[in-house]
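Trainee: Could you take me through one part of this model in detail, namely the charged side-chain pairs?

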Amino acid sequence: MNLKYVALVFFFLCLCFTSCSKHNESDSVADFGGSAFLVFGNQWIVVKEPVAAMYEAPGYENIVLNHARRGDFFEVRGKRFVTEVGEDGTHRVVVWYSCGERGWIIESSVTVYNNRMQAEHASTIVSSQ
């Protein structure tokens, strides 16, 4: 009887530990120009422009790696706030979103969603426009 109890407890402990997944912290770190902060929950972006360039690094002066079409959606892998200076000398802060190896895309080309299901739904609506 004692051996059965120990085996049952061992089985449930093994089940508990194997059901836990390792959290990859690099997937939830946002890049704020040298300072890293954790992002709670994954955000998703949907491209709202007919065609949007995805750059090697945040900023228009960088190399274009890929292009995204209206309705494409990506998981946000990082964010960077970049200060841009306008022609009139004014400063404004823009957000660039990292899509992993695909590149960085500027906030004006996308809409941000809190989960994949919202992004997929929005993608179907945006694609049909």
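Mentor: What follows is a close look at the salt bridges. This is a predicted model, in which local features need pLDDT of at least 70 and side-chain atom pairs count only at pLDDT 80 or more, while totals for chains, interfaces and linings use all residues. Residues are numbered from 1 along each chain as its sequence is written, and side-chain values use heavy atoms, with hydrogens and water left out.

Side chains of opposite charge can pair when their charged atoms come close. With a salt bridge taken as a side-chain nitrogen of Lys or Arg within 4 Å of a carboxyl oxygen of Asp or Glu, the count comes to three.

One of these joins Arg116 to Glu120, with an N to O distance of 2.7 Å; the two residues lie four apart in helix H2 (residues 116-127), and are therefore separated by about one helical turn. A helix here is a DSSP run of H or I with at least four residues, numbered from the N terminus. Arg116 has a relative accessible area of 42% and is partly exposed, and Glu120, at 33%, is also classed as partly exposed; buried means under 20% relative accessible area, exposed over 50%, and partly exposed in between, using a 1.4 Å probe and protein chains only.

Another salt bridge pairs the side chains of Arg92 and Glu84 at 3.2 Å, N to O, and here Arg92 counts as exposed, at 52% relative accessibility. Arg77, in turn, forms a salt bridge with Glu75, where the closest N and O atoms are 3.4 Å apart, and Arg77 is partly exposed at 34% relative accessibility.
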